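Here's a quick tour of a fold, going from strand pairing to helix packing and then to side-chain contacts. Have a look at the model first, then read on.

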Amino acid sequence: MDEEALTVDQAKSETQTLGSGVADASGAGEVVSSEQAPDGVLLSCSDTTWQWTGRTTFQLDGSRDRRAVLEAVGADFADMDGFTAGLRDGSTTLMLVASGPDGLSFVADVDDADVLTVSSASRCFELRDGESSFDTF
């Protein structure tokens with residue numbers, strides 16, 4: 001295995017940083033509080049690779065509507081090197097879908113209680129010897 005390859009801990013850290021970064025893009029002072037799940041789950045990319053996935057929520061102050069918040073976050077991420085971002089109609093609400101380098105990505109939505117939820121996924125990586133996809137990360 002390539003010792004320089006992404007590890008599960010690095011994938012988790014990178015993905016949590018991505019999720020937290022959405023607060024910076026949403027607007028100064030707009031985030032009242034945030035909560036990041038301490039652990040996530042691994043999803044299969046292939047027979048031998050995995051993505052770490054997690055969730056971060058932000059309580060917003062309600063100063064802007066759903067579309068304005070998602071457009072601001074999307075514009076900020078679309079300006080980042082290697083990222084694309086766009087609004088999509090979900091099954092029940094408008095969503096922001098952002099994709100970055102090597103599969104790093106997130107989906108965000110804002111509910112009627114002004115809670116911005118960010119579900120993020122890491123780049124794909126291989127597990128190290130002794131690690132299992134059933135472990136808690």
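## Strands, a helix and some contacts

Strand 6 and strand 7 run antiparallel to each other and pair over 6 bridges. Pairing here means that DSSP finds at least two bridges between the two strands, and the strands (E, at least two residues) and helices (H or I, at least four) are DSSP runs numbered from the N terminus. Before going further, a note on what you're looking at: this is a predicted model, in which local features need pLDDT of at least 70 and side-chain atom pairs count only at pLDDT 80 or more, while totals for chains, interfaces and linings use all residues. Residues are numbered from 1 along each chain as its sequence is written, and side-chain values use heavy atoms, with hydrogens and water left out.

**The strands**

Back to strand 7. Across from its threonine 117 you'll find aspartate 109. Threonine 57 also stands opposite threonine 117, and strand 3 pairs with strand 7 in the antiparallel sense over 7 bridges. How many of the residues of strand 7 are buried? The count is 6 of 7, so strand 7 is mostly covered, where buried means under 20% relative accessible area, exposed means over 50%, and partly exposed is in between (1.4 Å probe, protein chains only).

The hairpin of strand 6 and strand 7 has 4 residues between the strands, and aspartate 114 there takes a positive phi near 60°. Another hairpin joins strand 4 to strand 5, again through 4 residues. Those two strands, residues 84-89 and 94-99, run antiparallel with 6 bridges between them. Arginine 88 sits opposite methionine 95 of strand 5.

**Helix 2**

Now for the helix. With 13 residues at 1.5 Å each, helix 2 should span 18 Å, and its end C-alpha atoms are indeed 18 Å apart; the expected span is 1.5 Å times one less than the number of residues. Val69, Leu70, Val73, Gly74 and Phe77 are the buried residues of helix 2. Why do they line one face of the helix? Seen down the axis of helix 2, the buried residues fall within an arc of 125°, so they share one face; the arc is taken from the directions from the helix axis to the C-beta atoms. As a rule, an α-helix has 3.6 residues a turn, so residues three or four places apart point the same way. The cover over the buried residues of helix 2 includes helix 1, strand 3, strand 4, strand 5, strand 6 and strand 7, with contact meaning heavy atoms within 4.5 Å.

**Aromatic pairs**

Rings of Phe, Tyr and Trp (its six-membered ring) pair if their centres lie within 6.5 Å; planes under 30 degrees apart are stacked, over 60 edge-to-face, and the rest tilted. That gives 2 aromatic pairs. One is phenylalanine 77 with phenylalanine 83, edge-to-face at 5.5 Å centre to centre and 65° between the planes. The other, also edge-to-face, is phenylalanine 77 with phenylalanine 106, at 4.9 Å and 70°. This second pair links distant parts of the chain, since phenylalanine 77 is in helix 2 and phenylalanine 106 in strand 6, 29 residues apart. Ring pairs thus link Phe77, Phe83 and Phe106 into a cluster. Phenylalanine 77 is buried at 2% relative accessibility, phenylalanine 83 at 12% and phenylalanine 106 at 1%.

**Salt bridges**

A salt bridge is a side-chain nitrogen of Lys or Arg within 4 Å of a carboxyl oxygen of Asp or Glu. The structure has 5 of them, including these:

| Acid | Base | Closest N to O |
|---|---|---|
| Aspartate 39 | Lysine 12 | 3.6 Å |
| Glutamate 30 | Arginine 64 | 2.6 Å |
| Aspartate 112 | Arginine 66 | 3.0 Å |

Glutamate 30 is in the loop between helix 1 and strand 1, and arginine 64 in the loop between strand 3 and helix 2, so their bridge ties together parts 34 residues apart in sequence. Glutamate 30 is buried at 3%, whereas arginine 64 is partly exposed at 30%.

Aspartate 112 lies in the loop between strand 6 and strand 7 and arginine 66 in helix 2, so that pair ties together parts 46 residues apart. Is aspartate 112 buried or exposed? Aspartate 112 is exposed, with a relative accessible area of 73%, and arginine 66 is partly exposed at 26%.
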